[in-house]
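Here is a short report on one protein chain. The sequence and model come first, followed by the details.

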Amino acid sequence: MLPSGDGLRMASPGMQIFGFVLALLGIMGATLATLLPNWKVSADVASNIISAITQMQGLWMDCTWYSTGVFSCTLKYSVLALPAYLQTARTTMVLSCVLAALGLCLASLGLKCTRWGGARRSKQHAALASGGCFLLSGTLCLVPACWFTDEVIKSFLDSNVPPNNKFEPGGALYVAFVSAGFLLAGGSIFCATCPGKKQGGPRDLILLPPDKLLLQQQQQLLQQQQHDQLQHQYCSLSPMDNKTGYSLQDYV
């Protein structure tokens, strides 16, 4: 038996929480991948094992781990001296982290299990905006990872490159790929759990705490009673009373 519409609506908040967790893991992984220095590591070929165990290059620094146990890193101060793919990776990874952080802020407002965020329609708009931020952030994280991997593989297969200068993809690239997958999955879930435009009704009411909602209902009921009383008094007056009242008002 297929689940009913109510069952799907009940499962929607749980799916949003799952998407929020995936997006949170994605932004943590993207931030970690941006800071790690091992986007590419030296390949174990020829005689490079004798002088240094591992050479690593990242977006912001190059590190070397010698066989004596010494670990040294050098920051990349010059931006213009960097290749195009490295400059692009820097920019897109930073933008990916910023967009993911913005998406988390919007997602906290668009979660159906929370009371803040305004009316249900406003929550849907916030959830859709957060899903768009997550999708764009995942794309910005995936593009530099793919481009960087392609450059590393082409350099490794190039016969003109000396064996001591050959590198292979490092752990930061795998973290970037996984983080991009988490962000894309979280964004897809947030976009999928928000239904399209529906007819207005009780669902468009602002989500208020029970005490405020009860007070609002009492005020509306009191206003309706006062309106009914005034209408009843006006209708109970005879035409002569209306005329007399009109004449007296003119003379006063």
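Is Leu 24 buried, partly exposed or exposed? This is a predicted model. Leu 24 has a relative accessible area of 35%. Buried means under 20% and exposed means over 50%, so Leu 24 counts as partly exposed.

Leu 24 sits in helix 1, which covers residues 5–35. Leu 24 also belongs to a nonpolar surface patch. Its partners there are Ile 17, Val 21, Leu 25 and Met 28. Together, the five residues of the patch have about 420 Å² of accessible area.

**The whole chain**

The chain holds seven helices and five strands. Along the sequence, their order is α-β-α-β-β-β-α-α-β-α-α-α. Some totals for the chain follow.

| Property | Value |
|---|---|
| Buried share of the 252 residues | 31% |
| Share of contacts (separation of 6 or more) from residues 24 or more positions apart | 68% |
| Share of the exposed area from carbon and sulfur atoms | 67% |

The exposed area of the chain is about 15,700 Å².

**Helix 5**

Helix 5 runs over residues 171–192 and has 22 residues. From first C-alpha to last, helix 5 reaches 32 Å. That is close to the 32 Å expected at 1.5 Å a residue.

Which residues of helix 5 are buried? They include the alanines Ala 172, Ala 176 and Ala 180. Leu 173, Leu 183, Ile 189 and Phe 190 are buried too. Ser 179, Gly 186 and Gly 187 complete the list.

Notes
Residues are numbered from 1 along each chain as its sequence is written. This is a predicted model: local features need pLDDT of at least 70, side-chain atom pairs count only at pLDDT 80 or more; totals for chains, interfaces and linings use all residues. Side-chain values use heavy atoms; hydrogens and water are left out. Patches are made of residues with over 30% relative accessible area and no salt bridge: like charges are joined within 9 Å, nonpolar side chains (Val, Leu, Ile, Met, Phe, Trp, Tyr) within 5 Å. Accessible areas come from the Shrake-Rupley method with a 1.4 Å probe; for residues, only the protein chains shown count as cover. A salt bridge is a side-chain nitrogen of Lys or Arg within 4 Å of a carboxyl oxygen of Asp or Glu. Helices (H or I, at least four residues) and strands (E, at least two) are DSSP runs, numbered from the N terminus. Buried means under 20% relative accessible area, exposed over 50%, partly exposed in between (1.4 Å probe, protein chains only). Contact means heavy atoms within 4.5 Å. The expected span of a helix is 1.5 Å times one less than its number of residues.
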